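Here are a few exercises to help you find your way around a structure you haven't met before. Take a look at it, try each task, then read the solution.

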Amino acid sequence: MRFAIRTFGCQMNVYDSDRIRDILMAAGMDPSGSGPGDARPGEGDGGCDVFILNTCSVREKPRQKVVSAISHARAANPKVTVVVTGCVAQLEPETLVGIGADVVVGPDHYAELPELLGLSCVQGTNALRSRTEAVRISVADEVPSFLMASPDTMSERGAISCFVPIQKGCDNWCAFCVVPAARGREVTRPEAEILEECRRFLDAGARELFLLGQNVNSVRLPGGFPGLLEQVAALPGLLRVRFTTSHPRDCSPELARAMARLPGVMPWLHLPVQSGSSRILAAMGRRYTREHYLELIDLFRGEVPGIAFTTDVIVGFPGETEADFEDTVDLVQKVGFEGMYSFMYSPRPGTRAATLPDPVPHDVAAARLNRLQGLHEEQMPRLLERYRDLSVEVLVEGPSARDPRHASGRNPQNVVVNFELADGVEVASLRGRVVSVHVLEVRTHTLFGRMNVPERA
Ligand code: SAM
Ligand code: SF4
Ligand code: F3S
């Protein structure tokens with residue numbers, strides 16, 4: 001019984017897809033399938049018995065991709081069992097069943113998958129229910145529990161960098177955002193569970209951990225988020241810890257001090273601003289102003305040497321005027337983000353913003369997005385110039401995608417660095433190690449350099 005998983009959306013979905021894989025493998029299924037019509041030459045006969053689409057609803061475009069992937073899978077293989085998980089599953093189960101999904105499972109119910117698929121956990125005896133017995137389950141109001149990577153089935157074995165969820169859901173209800181409806185109330189994962197999963201990944205070879213939550217600074221733990229960081233940073237085997245996402249309202253001076261104090265915590269902060277206009281931020285329900293955001297940037301720059309910021313921006317939110325947009329442009333230029341995800345506002349059913357008057361015409365919003373992205377593209381190489389001619393510490397992940405003779409990893413600020421190896425050194429021997437690289441070139445979004453020859457003892 002072969003399955004394939006296709007993942008859409010954020011890191012939370014990437015982590016969940018790994019757990020789904022673990023759960024199905026533990027139930028005796030074979031992960032070597034490929035999505036209907038997806039097989040590449042040399043990959044066997046392609047196809048699978050169960051096709052899982054782990055979905056995202058944050059904007060209409062990713063949602064549409066899901067809808068067409070389901071229809072496509074159904075047309076390519078009428079016998080395949082189509083399972084839809086993730087945020088679209090939680091929000092629109094009936095629609096999905098209507099277009100051909102057999103099983104629809106919300107994010108708090110993945111442990112039930114073998115049962116929903118009619119799988120026996122005894123290998124060799126599993127059998128799928130027939131398609132007509134379509135099941136759907138998406139109970140939202142249960143107290144969610146967290147899945148846990150198990151040493152026996154862990155998909156991430158051998159990975160250098162692993163995600164560790166520390167929180168589920170979100171209570172912020174930003175006016176544009178569907179996540180609170182899709183992922184439920186904010187729940188903090190018990191600290192002991194977080195640390196246990198971190199240890200498991202480190203024991204399996206990880207050297208960098210990425211703590212995940214929609215608003216990591218609001219975790220309800222005795223030492224707050226800085227206290228958790230301190231404990232994770234002290235785990236044996238860990239070289240680096242990063243986290244995302246920080247909400248500007250909850251980002252505290254204590255966090256900045258913890259980042260400065262703990263050498264394992266990398267000087268990189270993903271701090272989504274969404275808009276540079278305080279008026280639009282208020283309409284978005286973000287509960288901070290442009291001024292507060294800029295003060296935070298100054299605070300973190302003052303405390304954390306060399307820190308890099310990345311951000312998310314939405315353009316074309318209802319009521320956004322040319323002056324509001326200019327405020328966003330100005331803020332982006334002032335801060336100098338070393339990475340920016342920018343999106344055209346996409347109305348989401350059931351959100352407050354979907355009912356707001358004064359929509360920005362599509363072509364105006366598209367032109368604004370274009371301009372903002374153009375400015376950022378221009379800015380990026382200039383910002384990355386600060387690394388040129390410096391030796392930077394790179395956690396090596398493997399060969400460079402462009403040229404397998406080169407190695408690739410990231411510097412502390414999370415910028416990709418590709419580099420030439422020192423004589424006689426193999427990429428494989430460096431995986432999971434931090435090496436010193438002299439930066440020779442800036443290539444738009446990445447850096448290129450040469451490995452410094454380690455000094456002899
Ligand atoms: N929790 C994070 C925060 O508060 O910044 C964001 C999580 S959301 C999954 C990722 C990004 O998607 C947001 O930061 C926002 O920029 C974008 N986004 C969310 N809803 C959107 C919408 N309706 N239209 C366009 N972009 C949206
Ligand atoms: Fe969405 Fe706002 Fe929650 Fe982020 S903080 S997930 S943008 S509601
Ligand atoms: Fe993530 Fe998309 Fe859901 S961004 S939380 S998968 S709506």
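**Exercise 1: an unusual tryptophan**

Tryptophan 173 sits in the loop between β7 (167–168) and α6 (179–183). Helices here are DSSP runs of H or I with at least four residues, strands are runs of E with at least two, and both are numbered from the N terminus.

Before going on, two notes on the ground rules. This is a predicted model, where local features need pLDDT of at least 70, side-chain atom pairs count only at pLDDT 80 or more, and totals for chains, interfaces and linings use all residues. Residues are numbered from 1 along each chain as its sequence is written, chains are lettered from A and ligands numbered from 1 in the order in which they are written, and side-chain values use heavy atoms, with hydrogens and water left out.

Task: find the sign of phi at tryptophan 173, and say how exposed the residue is.

Solution:
- Step 1. Phi of tryptophan 173 is near 50°, so you have a positive value in a residue that isn't glycine.
- Step 2. Its relative accessible area is 43%. Buried means under 20%, exposed means over 50%, and partly exposed lies in between (1.4 Å probe, protein chains only).
- Step 3. Tryptophan 173 is therefore partly exposed.

**Exercise 2: an arginine to set beside it**

Task: work out where arginine 287 lies and what its phi is.

Solution:
- Step 1. Look in the loop between α10 (278–284) and α11 (290–303); arginine 287 is there.
- Step 2. Phi of arginine 287 is positive, about 60°, although the residue is not a glycine.
- Step 3. With a relative accessible area of 48%, arginine 287 is partly exposed.

**Exercise 3: a cis peptide bond**

Task: which residue does a cis peptide bond join to threonine 244?

Solution:
- Step 1. The partner is threonine 245, and omega is about 10°.
- Step 2. Threonine 245 belongs to the loop between β10 (240–244) and α9 (253–261).

**Exercise 4: cysteines**

Task: how many disulfides does a search of the whole structure find?

Solution:
- Step 1. Start with the chemistry: a disulfide is a covalent bond between the sulfur atoms of two cysteines. The test used is a pair of cysteine sulfur atoms within 2.5 Å.
- Step 2. The search comes back with zero.
- Step 3. Take cysteine 251, which is in no disulfide: the nearest cysteine sulfur, that of cysteine 174, is 14 Å away.
- Step 4. Cysteine 251 counts as buried because its relative accessibility is 6%. Cysteine 56 is buried too, at 10%.

**Exercise 5: a serine in a strand**

Task: what does serine 436 touch, not counting residues up to four places away in sequence?

Solution:
- Step 1. Serine 436 is part of strand β17 (residues 434–443).
- Step 2. A contact means heavy atoms within 4.5 Å. On that basis serine 436 touches Ser391, Val392, Glu393, Arg450, Met451 and Asn452.
- Step 3. Glycine 449 is 13 residues away along the chain, and its C-alpha atom is 9.8 Å from that of serine 436.
- Step 4. Serine 436 is partly exposed, at 24% relative accessible area.

**Exercise 6: the whole chain**

Task: how many helices and strands does the protein chain have, and what share of its residues is buried?

Solution:
- Step 1. Count 14 helices and 18 strands.
- Step 2. Of the 457 residues, 54% are buried.
- Step 3. Among contacts between residues at least 6 apart in sequence, 73% join residues at least 24 apart.
- Step 4. For a box along the principal axes, the C-alpha atoms fill roughly 65 × 60 × 45 Å.
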